[in-house]
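Work through the exercises below with the coordinates open. Each task is followed by a stepwise solution.

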Amino acid sequence: MSDIRLVVCGLPSEMVVIGLQYSNLECYLEPVAENTDQLRLMTEGADPLIRGGRPLVFVITDSAGPPADVTAWLSTMSAQPPEHVAVVLVDTGKGRDFALSALEDRVTVHDWAGADAEPRSMFETVAHVLAALPGGPDSAPTRVAEPHVLVVAGTRGGVGCSTVAFSLAAYLGTEATAGRKVCLVDLDLSCPALATMTNPPTSSRRSLLLEQCITLNTISQHVTPLPAWRIDLVPGATAPLESRFVPPAAVAATLDRLAEHYDLVVVDAGRLRWDLDGPERAIIECASQILLVADPARGQANGLADLPDTLCGAAGHGFPPRHVGLVWNRVSVADAPFEIPTLDGLGFVDLQRLPDIGDAHVRAVAAGDAASVLHDNASWAARIHLLGEAVVGPGHITPINSDVADLLPTLHRNGTPRTETRARRKFLARIGFVARASGAAS
């Protein structure tokens with residue numbers, strides 16, 4: 001069994017590794033919490049998250065902290081949808097003087113003899129719990145499993161899909177410690193803009209999507225490396241006129257080949273039509289996560305309200321709504337709270353509110369200097385950081401610079417300002433940034 005996100009608290013890291021080997025589990029292991037502050041920081045961001053097909057198993061010992069804290073953490077994780085999160089409490093015999101009656105339907109208790117006991121049986125319990133998850137790897141559609149194909153789209157043009165797609169790919173690509181390979185693909189067939197935004201060398205080759213046979217070797221001939229951001233850019237159709245000749249099979253073949261080679265594929269899909277047919281159908285079938293970018297000033301509520309049945313309905317494409325996130329662009333970051341338009345029944349995760357980057361940055365992006373959005377606008381970059389955490393999980397991204405590290409503690413995970421600064425998060429963010437900068441220098 002594979003493709004598991006595992007959070008373990010109260011056990012030594014080496015014992016976790018031994019337990020995974022004994023039980024033959026291949027897990028995506030979250031940083032093991034060694035203290036209560038770190039655990040609180042990790043569990044604080046459990047929602048919202050686009051989980052991307054990776055169920056989360058939260059394992060905590062009864063001795064991981066004060067009984068009140070352990071109870072609070074169990075309640076936090078148990079409040080998550082059961083198809084997303086399974087909770088295991090390890091009873092080490094050190095006193096469980098807190099009530100589990102309200103959580104007994106969601107918490108599996110494993111009796112463990114002592115700290116020096118073989119952890120195999122505990123991880124067999126973890127495997128059993130995971131197998132019972134409704135959204136586990138055995139029942140999840142192939143398209144929402146690793147590797148990630150992240151589609152950025154909107155219901156109309158001009159809402160900033162290309163800027164969001166580039167910013168997110170660039171931010172994740174610069175992660176020197178993560179070692180992930182990131183690819184940015186322009187599949188906006190009506191208005192391809194990424195080549196203009198990033199100003200790569202021009203090519204006279206025909207469009208990739210019009211090639212007779214699409215293989216990894218064919219794709220490599222169209223790849224433009226962007227070394228400043230450690231990402232590769234793959235243009236699809238180089239002109240709107242060509243888009244009408246693009247076969248859906250070419251889109252599917254391109255994304256399948258890229259998913260085999262890259263850890264994360266970020267797709268700029270541009271405007272989604274109401275019927276989501278043709279090449280758009282192929283994009284959706286290959287996607288593991290979808291970010292819907294909306295501009296509240298451009299009447300996006302009406303366009304979004306038409307999507308659930310078409311995108312996620314049984315008579316439509318059947319895409320899991322829990323893997324769809326809403327990103328509101330050009331939102332005021334003033335003290336006045338942003339009121340989300342009424343979208344009852346969508347079932348999409350409200351992920352982020354991105355600030356208006358201003359006319360100067362819009363002109364810079366249009367002139368091919370998209371990098372300035374992340375370098376010069378800390379407010380934008382900090383929220384892209386949080387959006388990246390929603391995509392790949394908290395604890396796996398370090399701030400891109402010191403300004404972002406200073407700003408992160410003042411923001412909630414959806415980008416709204418905090419009333420109180422999180423000093424602990426600020427400390428960890430700065431430490432992570434310094435460690436990353438030192439690693440890059442060496």
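A salt bridge is a side-chain nitrogen of Lys or Arg within 4 Å of a carboxyl oxygen of Asp or Glu. Keep in mind that this is a predicted model.

**Exercise 1. Salt bridge within a helix**

Task: Test Glu260 and Arg257 for a salt bridge, and state how exposed each side is.

Solution:
- Step 1. Take the N to O distance between the side chains of Glu260 and Arg257: 3.1 Å.
- Step 2. Compare with the cut-off, within 4 Å. The pair is a salt bridge.
- Step 3. Place the residues. Both lie in helix α9 (residues 248-261), 3 residues apart, so about one helical turn separates them.
- Step 4. Check accessibility. Glu260 is exposed at 60% relative accessible area. Arg257 is partly exposed at 24%.

**Exercise 2. Salt bridge across the chain**

Task: Which parts of the chain does the salt bridge of Arg330 and Asp295 link?

Solution:
- Step 1. The side chains of Arg330 and Asp295 meet at 2.9 Å, N to O.
- Step 2. Arg330 sits in strand β12, and Asp295 in the loop between β11 and α11 (300-305). They are 35 residues apart, so distant parts of the chain are linked.
- Step 3. Arg330 is partly exposed, with a relative accessible area of 31%. Asp295 is buried, at 4%.
- Step 4. Count for the structure: 2 salt bridges.

**Exercise 3. Aromatic pair**

Task: How many aromatic pairs does the whole structure hold, and what is the geometry?

Solution:
- Step 1. The search returns 1 aromatic pair. The partners are Phe166 and Trp229, 6.0 Å centre to centre.
- Step 2. The planes make 80°. Angles over 60 degrees count as edge-to-face, and this pair is edge-to-face.
- Step 3. Phe166 belongs to helix α5 (residues 161-173), Trp229 to the loop between β8 (224-226) and β9 (231-235). The pair therefore ties together parts 63 residues apart in sequence.
- Step 4. Both Phe166 and Trp229 are buried.

**Exercise 4. Sheet and packed helix**

Task: Give the strand order of the open sheet of 8 strands, then find what helix α15 touches.

Solution:
- Step 1. The order is β8-β9-β7-β10-β6-β11-β12-β13, with mixed pairing.
- Step 2. β8 and β13 (349-355) are the edge strands, each pairing on one side only.
- Step 3. Neighbouring strands of the sheet are turned by 25° against each other on average, direction ignored.
- Step 4. Strands β6 (residues 148-154) and β11 (residues 289-294) run parallel, joined by 4 bridges. Val152 has Leu291 in β11 as its bridge partner.
- Step 5. Helix α15 (residues 378-392) packs on the sheet and touches β6, β11, β12 (324-331) and β13. The direction of α15 makes about 160° with that of β13.

Conventions:
Residues numbered from 1 in each chain as written. Predicted model: local features only at pLDDT ≥ 70, side-chain atom pairs only at ≥ 80, totals over all residues. Heavy atoms only, no water. Phe/Tyr/Trp six-rings, centres within 6.5 Å; stacked < 30°, edge-to-face > 60°. Helix = DSSP H or I, 4+ residues; strand = E, 2+ residues; numbered from the N terminus. Buried < 20%, exposed > 50% of the residue type's maximum accessible area, 1.4 Å probe, protein only. Pairing = 2+ DSSP bridges. Axes fitted to C-alpha atoms, helices over the stretch in contact; angles between N-to-C directions. Contact = heavy atoms within 4.5 Å.
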